[in-house]
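Please look over the sequence and the structure shown here, and then work through the two exercises with their solutions.

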Amino acid sequence: MTVPRITLSALTPDSGSDLLVVGPSLGTAVAPLWSACAAALRERFTVVGVDHPGHGASPASDEPVTVAELATAVAEAVRPLTAARGTRARYAGVSLGGAVALELALRHPDVVSSVAVICSAARIGEPSGWLERAELVRAAGTPVMVEGSTHRWFAPGFVEREPALVRALLTSLEQADQFSYARCCEALAAFDVREELGDVGVPVLAVVGELDVVVPTSAASQIVAAAPDAEAVVLPGVAHLAPAETPLDVARILTDFFTRKG
């Protein structure tokens with residue numbers, strides 16, 4: 001098993017409060033995606049971000065990797081923090097980070113007590129599409145994804161309302177290592193835990209955007225129907241990057257869920 005090296009980043013000061021680990025989507029760094037939401041969560045949680053390989057603060061890797069191995073990397077990085085606190089962490093992830101959330105819930109319930117799967121699913125897209133994207137980015141680099149991602153990531157009008165935030169997110173895409181990005185695409189091509197949802201042993205919150213063209217709202221219903229302790233929220237007027245598009249709503253929803261479910 002290949003466990004990639006990943007980097008944790010403090011998004012709020014460590015106040016000794018409950019630990020919430022947050023993960024980004026493919027192509028984004030955790031800081032621009034989660035910072036506004038983390039600021040709204042700081043009264044209740046100590047928020048720590050984790051970047052995927054070759055994204056944000058994490059080192060590049062051109063080794064084959066699975067989503068389960070990405071989850072193991074998160075678990076290994078977070079375990080010293082939970083040991084110091086004497087309690088498990090909560091985890092919330094977007095898109096690829098949401099896939100990591102499901103793998104954490106399945107394979108590392110000793111590290112996470114509950115997870116939020118945001119704009120994600122037990123299977124995302126079709127394997128052929130991810131493999132084609134991997135080859136494209138491996139050959140042409142991540143900037144080739146900017147135009148399409150602008151249309152997929154954001155609801156209509158958001159680019160005009162929040163140009164600085166959009167630029168920061170697209171810059172993180174442009175700066176992502178192309179080979180690491182391609183390996184993450186291949187990981188998503190192989191990812192499918194639909195038949196394992198019944199084995200999830202921690203509470204799960206599925207959050208989906210009403211206007212998400214990457215992950216349909218039916219993905220949340222599938223998780224709720226199959227996982228033993230799951231609930232769903234649909235965010236109106238939101239597309240694929242919910243913590244950036246509506247940070248206060250996501251903070252409120254996460255605070256409620258993680259306070260109730262632990």
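The exercises below go from the whole chain to one residue.

This is a predicted model, in which local features need pLDDT of at least 70 and side-chain atom pairs count only at pLDDT 80 or more, while totals for chains, interfaces and linings use all residues. Residues are numbered from 1 along each chain as its sequence is written, and side-chain values use heavy atoms, with hydrogens and water left out.

**Exercise 1.** Describe the fold elements and the compactness of the chain.

Start with the elements: the chain holds 11 helices and 7 strands, taken as DSSP runs (H or I of at least four residues for helices, E of at least two for strands). Next, the radius of gyration is 16 Å, close to the 18 Å that the globule rule gives for 262 residues, so the chain is as compact as a globular protein of that length; the radius is taken over C-alpha atoms, and the rule is 2.2 Å times the number of residues to the power 0.38. Finally, 54% of the 262 residues count as buried, that is, under 20% relative accessible area with a 1.4 Å probe, protein chains only.

**Exercise 2.** Locate E210 and find its contacts.

First, E210 sits in the loop between β6 (204-209) and α9 (218-226). Second, its relative accessible area of 46% makes E210 partly exposed, the class between 20% and 50%. Third, beyond neighbours within four places in sequence, E210 is in contact (heavy atoms within 4.5 Å) with T217, V234, L235, P236, G237 and V238. Of these partners, V234 is 24 residues from E210 in sequence, with 6.1 Å between their C-alpha atoms.
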